[in-house]
Amino acid sequence: MTDTKMTKRKQQILIGALSAAVLLGLIIIWVIVAASNDETEDNTVEKLYTSVQLDNGDAKIDWSKYTTYTVELSGNLEITQPGVYELSGTIADGNISIDTTDCVKLVLNGVNVKNSTGPAVLVKNAEDVVISTTFDTMNYLEDGANYSGGSEEEIGVIFSHDDLTLEGGGTLVVAANNEDAIVSKDDLKFNGGTYQITATDDGIRGKDSAYIVDGTFTIEAGGD
């Protein structure tokens, strides 16, 4: 083999080796980038889940510092003081309204509330409201087809102007005969519980946000 041929052969070997090295380097870079993207995505999901867990609601409120009230429902209940309200009984035609500047927790222990002219639960003002169903209980909330005497925007079986969290180990049956079933004009979060919802329009609406961390849902809605 002549020197010229040997030189060309060496050049070809060198070019082949360099090409292989470049290809291997590109593969390694691709693997690193892909792994980084997966890790970033996982971190994003984890951060999002953590932010949801720490959002407004039961998790950040020390309910032990609030007074607990036990109430047997029979007529309209107007709550103007913060606290934990353990509720049972029936309101045949009326509602539960909340108007305070602090936190309120409603613990539903077999309640049945129907309001033919407006929301069954109306949060006019509060810092945070939590509605919790007692384990293994059935609870019923229902509105009427025609509203009267209230604000035109306050439409929903449960309607809240402020942060609202729903949770618990029981079942909440919500029947919306007018429009929407569960509505918050602020943040709305579900931490658990079983929900059976029927609505002529929307089943669940949160203006600022709607988080479902946990829960079992059956929704029949004419809208969303």
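How many of the 224 residues of the protein chain count as buried? The share is 40%. Buried means under 20% relative accessible area, exposed means over 50%, and partly exposed lies in between, using a 1.4 Å probe and protein chains only.

## The model

This is a predicted model, in which local features need pLDDT of at least 70, side-chain atom pairs count only at pLDDT 80 or more, and totals for chains, interfaces and linings use all residues. Residues are numbered from 1 along each chain as its sequence is written, and side-chain values use heavy atoms, with hydrogens and water left out.

## The chain as a whole

The protein chain has one helix and 15 strands. Helices (H or I, at least four residues) and strands (E, at least two) are DSSP runs, numbered from the N terminus.

Contact means heavy atoms within 4.5 Å. Take the contacts between residues at least 6 apart in sequence: 49% of them join residues at least 24 apart. The accessible surface of the chain comes to about 12,200 Å². Carbon and sulfur atoms hold 51% of that surface. Accessible areas come from the Shrake-Rupley method with a 1.4 Å probe, and for residues only the protein chains shown count as cover.

## The largest pocket

The largest pocket holds about 240 Å³ of space. It is lined by 15 residues, and the closest to its centre are Thr-117, Gly-118, Ser-148, Gly-149 and Gly-150. The lining divides into four nonpolar, eight polar and three charged residues. Here Ala, Val, Leu, Ile, Met, Phe, Trp, Tyr, Cys and Pro count as nonpolar, Asp, Glu, Lys and Arg as charged, and the others, Gly among them, as polar.

How is a pocket found? On a 1 Å grid over the protein atoms alone, a pocket is an open set of points where a 1.4 Å probe fits, with protein on both sides within 12 Å along at least five of seven lines. Lining residues have an atom within 4 Å of a point. Grid points are joined across faces, edges and corners, and a volume is the space filled by probe spheres set on the points.

## Aromatic pairs

The structure holds five aromatic pairs. Rings of Phe, Tyr and Trp (its six-membered ring) pair if their centres lie within 6.5 Å. Planes under 30 degrees apart count as stacked, over 60 as edge-to-face, and the rest as tilted.

One of the pairs joins Trp-63 and Tyr-66. This pair is tilted, at 5.4 Å centre to centre and 50 degrees between the planes. Both Trp-63 and Tyr-66 are buried. Another pair, Phe-190 and Tyr-195, is edge-to-face, with 5.2 Å between centres and 80 degrees between planes. Phe-190 is buried because its relative accessible area is 1%. Tyr-195 is also buried, with a relative accessible area of 1%. Ring pairs link Phe-190, Tyr-195 and Phe-217 into a cluster.

## From β7 to β8

Thr-133 sits in strand β7, residues 128-133. Why does Thr-133 count as buried? Its relative accessible area is 4%. Leaving out residues up to four places away in sequence, Thr-133 touches Leu-108, Asn-139, Glu-167, Gly-168, Gly-169, Gly-170, Thr-171 and Leu-172.

The loop between β7 and β8 includes Asp-136. Asp-136 is exposed, with a relative accessible area of 67%. Asp-136 has a positive phi of about 65 degrees, although it is not a glycine. Next comes Met-138, in strand β8, residues 138-143. Met-138 is partly exposed, at 38% relative accessible area. Outside its neighbours up to four places away, Met-138 touches Gly-110, Val-111, Thr-171 and Val-173. The C-alpha atoms of Met-138 and Thr-194 are 9.5 Å apart, with their positions 56 residues apart along the chain.

## Two glycines

Is Gly-144 buried or exposed? Gly-144 counts as buried, because its relative accessibility is 7%. Gly-144 lies in the loop between β8 and β9 (158-160). Beyond four places in sequence, its contacts are Asn-115, Ser-116, Gly-118, Asn-177 and Asn-178.

Gly-223 lies in the segment after β15 (209-221). Gly-223 is partly exposed, with a relative accessible area of 34%. Not counting residues up to four places away, Gly-223 touches Thr-200, Asp-201 and Asp-202. The C-alpha atoms of Gly-223 and Gly-203, 20 residues apart along the chain, are separated by 7.5 Å.
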